[in-house]
Every structure is written in structure tokens, then in C-alpha cells.
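Here is a short, friendly tour of a protein model. Keep the sequence and the 3D view open as you read.

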Amino acid sequence: MKDKMKAVICTKFGPPKVLKLVEIEKPVCNNDEVLIRNYGTSVNTVDTLHRGGKAPKVAFFGVKRVVGFFLRLSFGGLRKPKQKIVGGGFCGKIVAVGKDVTDWNIGDHVYGYSENGGASAEYMAIPAEFLAKKPENLTFTEAAAVPGGSTPALRALKDLVTPKKGDKVLIIGASGGIGTFAVQMAKNVYEAEVTGVCGPSNVDLVRSIGADFVIDYTKEDYTKGDTKYDIILDIVSAQTLSKCKNILTPDGLFFANNPISSPRSIYHVITKNKRFRIGTADESAASMNLICEWIEAGKVKPVIDTVYPLSKAVEAHEHYESGRSKGRVVISIEE
Ligand SMILES: NC(=O)c1ccc[n+]([C@@H]2O[C@H](COP(=O)([O-])OP(=O)(O)OC[C@H]3O[C@@H](n4cnc5c(N)ncnc54)[C@H](OP(=O)(O)O)[C@@H]3O)[C@@H](O)[C@H]2O)c1
């Protein structure tokens, strides 16, 4: 095995162009870690925050500076990122196992999410606790599209607003990286009646992944419609509870996805009488294993917009930051 590897790094905070493809030393794994040959990653908000070192546009209560400060701290450096290799989601094959690791073997196919970045590289040393089994019915590149986008959808639907069979669920931002997972989970796992909201070029896509009804937000103001929803998932922060009050049932839940603070999102669920539930993302191995089960059962599959090679990581970040993705933006690191 060679000692060097290709990796995309950022040595300073800034726009996508700060990302550079370099050859660096391959990591070695500690006793509680495995070394994986990583075949792919995807671009997620956390990766762009890691690289940019700035709070996202939708900052809670407008406290962008404070958020930016804590964001930089969370990546270990105020002036430049301590973890230079961006990328949370990974997918690959184990090539070495630390001596304290008992559950995994060389050759196992794994995927998951590293809270410490490091995934835009050919090799990653990663604590065994972050590993989940890769879905067998997906290629490595397809499986790389799952960590990141799927977990906010899982967190919302499994823990925060769990639909009952037949509940009417409105998903705003149904065509994006999170929304395409949310539509399939709500429809195929929770058996809800799903209405997806998206732009005109994504209507067919959202229908094709199982939405019962699709609303083009350029043609229809759904906040003024007659249909009442049990659950509204506002994945792209396009609405507010007050604007959606008239289309919620009396006990309806409004889920707001606020990409703020730490590098982790804080999700709010608000009822009409202003009761709050708050949760954060959960990219644990348990979550990734559950999603693997749903994928292998044919209930969920990743929708991929574009696959970029590692050498085009700048373009991949620019694409994701456009906010116009149709499903997931993936970076392939296959041989
Ligand atoms: N990916 C993650 O891991 C992650 C984690 C936490 C939080 N977040 C945050 O969650 C939000 C969504 O993330 P994402 O990864 O799903 O984004 P994305 O992949 O960029 O998707 C955005 C999608 O929303 C659609 N859209 C834009 N404006 C809309 C509107 N007003 N109404 C309905 N649909 C609209 C876009 O389609 P059109 O082009 O047709 O408008 C696009 O398909 C972002 O704010 C992100 O920062 C993401």
C-alpha cells in the first residue's frame, strides 16, 4: 500500500476556491479506529460551513457573528480550520483494523458520518463507533450520497414529528438532498399521504419518488389552500409557523430546519399553541444502520444530482451552495 494519498484540503476559511487537491501522508489508525479506503463523500451544509467558517445565510435571531465564532471553534481554529480535510459523509472498504476493534474486519464495506470531517480523501482513520454497514444494493458512489442528507429527514420523521399512517404531510423543499429522502421515508416507511413542494423543473422528480401530490411553489400559494396538514416539514426554511397556521390541523406540527449554530443544525417543532420541541442532527451508526435497512428493503434510495471526481471538489461545493440541487451532490473517489 502506498504511503501517500490524494485529499481535498482547506488551509484557510473562504469560498469553494480555497479547496485544494493535494498529496499528503496517509493516516494510520489508532487502537479504537479502522482505516478505510474511502470511495466517496457528499457535499452537505456542515462541509460548506467547515470550509467557509461563516454562519449560513439563515442565521437564528440574526446572530451571525456569534454563530460564526462558535462554528470556527468547533472545527478547532479561529483563524484557519484545524481539521484541513473537509467532508463528513464517507463510504468505503476497511483496509486496517485497530487492535481494540472487535466488530469489524478488513474487507468490510462500511458507510457513515464523521463529525470531525476528513472524508474528502482516499483514506480515513475513523473511530469504529461511527461505522455502519453499507447498503448491499448500492454502489459505493450511490451509498456515499446517503450520509448527511438522509439523517435530518430521519431525525425529523422518526423522533420529532413521527407521522401516523394516512397523516397528511407537506414537505417544503421536496426536491433537495434532504427532501428527496424525507418524501420517501414519509411515504414508504410511515405510510403518510405526502405532498411535496418544489420548483417547476422538479415536479416530475418529486412525483417519481412517491409524492401523492406535488405543488409548484411558483404557481400556487399553498399557504392559502383549503387542505389542512397534520405535519409540515419546512426543510428549506421557506415559511414560518404564522404563515402556515391556516393549513395546519388543530394539533398539527410545524418542523423548521434551521441550519444554525455549532456545526449541527437545530431543528424546531412548533405546534399552533407554540409548544416547542427541539432536536439536533443524529448521524450515529444506529441511524445509518436503520437507513441501511430501509434502503435494502427498497423503501428508500438516494437521488443523485451530479457525481464529481475528487479533482472537482470546488465545483461540487459551488453546485451545492447554489441551493438548486435535485437530490444529492456526490464526490466520487473510486480507483
Ligand atoms: N444536507 C445536510 O446535511 C443539511 C443538514 C442540516 C441542514 N441543512 C439545511 O437544510 C436546508 C436544505 O438542505 P438540502 O441539503 O436539502 O438542500 P439542497 O439539496 O440544496 O436542496 C434545496 C432544494 O430546495 C428547493 N427549493 C428552494 N427554494 C424552495 C422553496 N422556496 N420552496 C420549495 N423548495 C425550494 C430547490 O429546488 P428549486 O431549484 O426547484 O427551487 C432544491 O431542490 C438548507 O438550508 C441546508 O443548509 C442541510
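The text below starts with the whole chain, then visits two helix regions and a few loop residues.

**The chain as a whole**

This is a predicted model. Its protein chain has nine helices and 16 strands. Of the 335 residues in the chain, 50% count as buried. If you take the contacts between residues at least 6 apart in sequence, 66% of them join residues at least 24 apart.

**Where H4 meets H5**

Start with helix H4, which covers residues 150–160, and helix H5, which covers residues 177–189. Their axes come within 8 Å and cross at roughly 40°. An angle between 35 and 65 degrees falls in the oblique class, and H4 and H5 are therefore oblique to each other. The crossing of the two helices, H4 and H5, is right-handed.

Which residues make this contact? On the H4 side, they are Ser 150, Pro 152, Ala 153, Leu 154, Ala 156 and Leu 157. On the H5 side, they meet Ile 178, Phe 181, Ala 182, Met 185 and Ala 186. Sorted by character, the residues of the contact of H4 with H5 comprise 10 nonpolar, one polar and no charged.

**Helix H9 and its buried face**

Next, please find helix H9, residues 313–321. Its buried residues are Ala 313, Ala 316, His 317 and Tyr 320. Looking down the axis of H9, you would see these buried residues fall within an arc of 95°, so they line one face of the helix. What do they pack against? The partners are strand E1 (4–10), strand E2 (19–25), helix H1 (45–52), strand E15 (304–309) and strand E16 (328–332).

Tyr 320, which lies in H9, deserves its own stop. Why is Tyr 320 classed as buried? Burial requires 20 or more other C-beta atoms within 10 Å, and Tyr 320 is buried because it has 23. Leaving aside residues up to four places away in sequence, Tyr 320 touches Val 43, Thr 48, Ser 325 and Val 329. Tyr 320 and Gly 176 are 144 residues apart in sequence, yet their C-alpha atoms are 9.8 Å apart in space. Just after H9, Gly 323 takes a positive phi of about 75°.

**Three loop residues**

Now for the loops. Most residues other than glycine have a negative phi. Glu 191 has a positive phi, near 55°, and is not a glycine. Ser 237, also not a glycine, has a positive phi of about 50°. Glu 129 is a third loop residue to look at, placed between strand E6 and strand E7. The table sets out the exposure of these residues.

| Residue | Exposure | Other C-beta atoms within 10 Å |
|---|---|---|
| Glu 129 | exposed | 12 |
| Glu 191 | partly exposed | 13 |
| Ser 237 | partly exposed | 16 |

Where do the two residues with positive phi sit? Glu 191 is in the loop between H5 and strand E9 (193–198), so you can reach Glu 191 by following the chain on from H5. Ser 237 is in the loop between strand E11 (229–234) and helix H7 (241–244).

Glu 129 also has a partner from far along the chain: Glu 129 and Ser 284 are 155 residues apart in sequence, while the distance between their C-alpha atoms is 8.2 Å.

Note on methods: Residues numbered from 1 in each chain as written. Predicted model: local features only at pLDDT ≥ 70, side-chain atom pairs only at ≥ 80, totals over all residues. Axes fitted to C-alpha atoms, helices over the stretch in contact; angles between N-to-C directions. Helix = DSSP H or I, 4+ residues; strand = E, 2+ residues; numbered from the N terminus. Parallel < 35°, antiparallel > 145°, perpendicular 65-115°, else oblique. Left-handed = near helix turned anticlockwise from the far one by under 90°. Contact = placed C-beta atoms within 7 Å. Nonpolar A, V, L, I, M, F, W, Y, C, P; charged D, E, K, R; others polar. Arc of directions from axis to C-beta.
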